[in-house]
Amino acid sequence: MDKEIKNQAMQQRTSKITWLFILIVAAMVILLLSVLGTISSERHIPSQNATLHDRSFRGSIISADDYTLSRSHKTYQAVIRGESIDPNKKAMFVKLFSIYSGIPEKEIKARFKDKRGKEIKGNIVLSRTLNAKQAMQLKSLAYKLRQLKVFRSVKTHSGIEVLYGLDIIEVGESRQFPLHDVLSPVLGYVRKKSDGHYTRPQGQKGLERKYEKHITSKKDGYFKGKRDVGGNIIHDKNSIEKQRVDGMDLHLNIPLAFQRRVEKMLDTMKQRIDADEILIGVMESNTGKVLALATSERYDPDHITQKDIPKLDLKFAEYPYEAGSVLKPITLAIALDHKVVTPQTWFSTFNGRMKIGKRRTITDDEKFESLNATDIIVHSSNVGISQISWRLTGEEFRNGLLSFGLSKPSGIDLSRELTGRIKSLHLLNNQMHRANSSYGYGMLVTFAQLWKAYSAFNNDGVAVTPRIVDYLQDAKGRHYILPPTEGDLHPVGKKAANQIHEILKEVVKRGTGVKAQYPGLEIGGKTGTAHIAKHGHYVREYHSSFYGFANDNKGHKYTIGVLVIRAKGYHKYFASQSAVPTFKNAVRILVEEGYLEPDPTVEAKVERDAPLYGEKPSDVEVSAPILPPLPKEKTPPKVAKPKPQKVIPVPQRVKPQPRPKPKRRPTVDEATDLF
């Protein structure tokens, strides 16, 4: 019995020892696995290496007289953890942060609460638009706040207490337009583009968009090396530095001083004639360098509002319109170049009224029995220019328009350009369609196209491409010149161009452009006033324009274009009352800024006090009557040959008769011209 008891006791001791051994072995295995896991796992200790990033910048846009029009700067955000601020010192924090950042205290307090009005305990972004100066000041403030024990430790989910403070973090690059609305919308505007960590500006319109790939940030730099106990990078032979590559700067041909004076003049003119908008461009006739490209409708790219949206489009190249009489010199230039007329070729003008077929009539406001080609332009005769266009075939006329760059991009260096429209060859083979197009109706052109075309009349037949940007410059000072997308044109020969040059001078001497005269300078140009079409019909709204040139005897030659959109003042929609005075004001500014030097031998008496010059009733242009539609015919209607008339040296002017009122509004294809 005792033996059995002893055996049982022995078995129990053996079993206990076995289980104890197993437990010891298991504990050893667990310990070894834990040690092995600790050895093999990544240790969360501060790295001995550190990297300092140096973000690259977008290039600046600089005027010809070295003023910065557009530039970039770094932006920072200020972040605080709501529960880390000592409630007893929160008012002090808000007060100091407001002083250092310039943000009102009321706005700062509001950011500590959510939409329900509850206090936010997590991260709070107090500002996302801090500049470098503000960021530096707030970093200094963050250090002082720690000394004042404004912040308290916060226990994390893992039970570790962490002391959070005020963090100032670089978050992106921001675009700045320090001169506000100057040269807008030519400069354009930008939008923010983020990769999730860093925000950069991206061009949307104007020069910012056109030269996006050249001025955008190229490559970020950095400095990498071992760090000391204070977290600072040690500069030694093992450290690596890579220089950043910024975008290139744009240097313009436009001087700020001249551009701003022109813009202010347009603002005054817009008010005086009650226009929707006025556009003007001034460029060197032989190089295409743009001295001014201004509009009365500008905006601040830094603060675009809802009402600014219509102003964002660049009407210089994105606004096709019917040109009216400013196209007549181009029609005559084509005919002169084809040698079908001369400046002294005479035409019967039928006392200002010529029938085509049974239902169409072309009319003039000034009634002459006959005019030569020169006076057809001077007196802006629709009847005369129609007959000149008929001496060309439809193909010759259409190819001539194309050679002047109509219905094609002008090549001006803006972000977007529309091409307009001219009639098809099939339509231009019809006499009525060719006549309408000869004086600028039934076709669409842009300001940039006509501006470029008119430069040919002041540059021996070469139409130069307008160039806003002079060159691009990199960080090392090297200059790069980009060729224009569209080159210069040679629409007509030197002889024909110079003949038109002299005719345009006659328009200013004794035609509808007399108010553009400037003593001591050579001035030439052509007026145009055309109805605006809406929903296929012409309405009592007008485009008024004047394209021409201003030269001195020192070799300075400038092509100037003016377009007035919907002048609503009494009789101000006529080009002689709106576009011509604007042109003359631009010439006056050219003289005062030293770009033109009037002949000192000519007594200069120029009115300088008023930007709008008084007009006499006799100078006002009168609109042409409305015509009935042309019946559809397979062949052009026959035009009765006029009886030979005696040519007199000086055409006799007939007093204009009252016009009959139209029975209905005309359609677009029924256009006649206004002078």
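**Exercise 1. In which loop is V445 found?**

Solution. This is a predicted model, in which local features need pLDDT of at least 70, side-chain atom pairs count only at pLDDT 80 or more, and totals for chains, interfaces and linings use all residues. Residues are numbered from 1 along each chain as its sequence is written, and side-chain values use heavy atoms, with hydrogens and water left out.

Step 1. Locate the residue. V445 is in the loop between α14 (431–438) and α15 (447–455). Helices (H or I, at least four residues) and strands (E, at least two) are DSSP runs, numbered from the N terminus.

Step 2. Classify its exposure. Buried means under 20% relative accessible area, exposed over 50%, and partly exposed in between (1.4 Å probe, protein chains only). V445 counts as buried because its relative accessibility is 1%.

Step 3. List its contacts, where contact means heavy atoms within 4.5 Å. Leaving aside neighbours within four places in sequence, V445 touches Y319, P320, Y321, A323, L406 and L450. Y321 is 124 residues away along the chain, yet the C-alpha atoms of V445 and Y321 are separated by 5.5 Å.

**Exercise 2. Describe the surroundings of V514 in the same steps.**

Solution.

Step 1. V514 lies in the loop between α16 (494–510) and β21.

Step 2. With a relative accessible area of 23%, V514 is partly exposed.

Step 3. Outside its neighbours within four places in sequence, V514 is in contact with V507, V508 and K509. Its C-alpha atom and that of G524, ten residues apart along the chain, are separated by 9.5 Å.

**Exercise 3. Work out how β21 is placed and paired.**

Solution.

Step 1. Strand β21 covers residues 522–534, and ten of its 13 residues are buried, so it is largely enclosed by the rest of the structure.

Step 2. Find the partner strand. Two strands pair if DSSP finds at least two bridges between them. β21 and β22 run antiparallel and are joined by 13 bridges. For E522, the bridge partner in β22 is N551.

Step 3. Look at the turn. The hairpin of β21 and β22 has two residues between the strands, and H535 takes a positive phi near 55 degrees.

Step 4. Take one residue of the partner strand. S544 belongs to β22 (residues 537–551). S544 is buried, as its relative accessible area is 0%. Its contacts beyond four places in sequence include G528 and T529, as well as V562, L563 and V564.

**Exercise 4. Describe the second largest pocket.**

Solution.

Step 1. Fix the term. On a 1 Å grid over the protein atoms alone, a pocket is an open set of points with protein on both sides within 12 Å along at least five of seven lines, and lining residues have an atom within 4 Å of a point.

Step 2. Give the volume, which is the space filled by probe spheres set on the points. For the second largest pocket this is about 490 Å³.

Step 3. Describe the lining. It has 20 residues, of which S174, R175, K192, P301 and D302 lie nearest the centre. The elements giving two or more residues are β3 (68–81), β7 (167–176) and β8 (190–194). β7 gives the most, with four residues.

Step 4. Sort the lining. Seven residues are nonpolar, eight polar and five charged. Here Ala, Val, Leu, Ile, Met, Phe, Trp, Tyr, Cys and Pro count as nonpolar, Asp, Glu, Lys and Arg as charged, and the others, Gly among them, as polar.

Definitions and conventions:
On a 1 Å grid over the protein atoms alone, a cavity is a set of points where a 1.4 Å probe fits but cannot get out, and a pocket is an open set with protein on both sides within 12 Å along at least five of seven lines; lining residues have an atom within 4 Å of a point.
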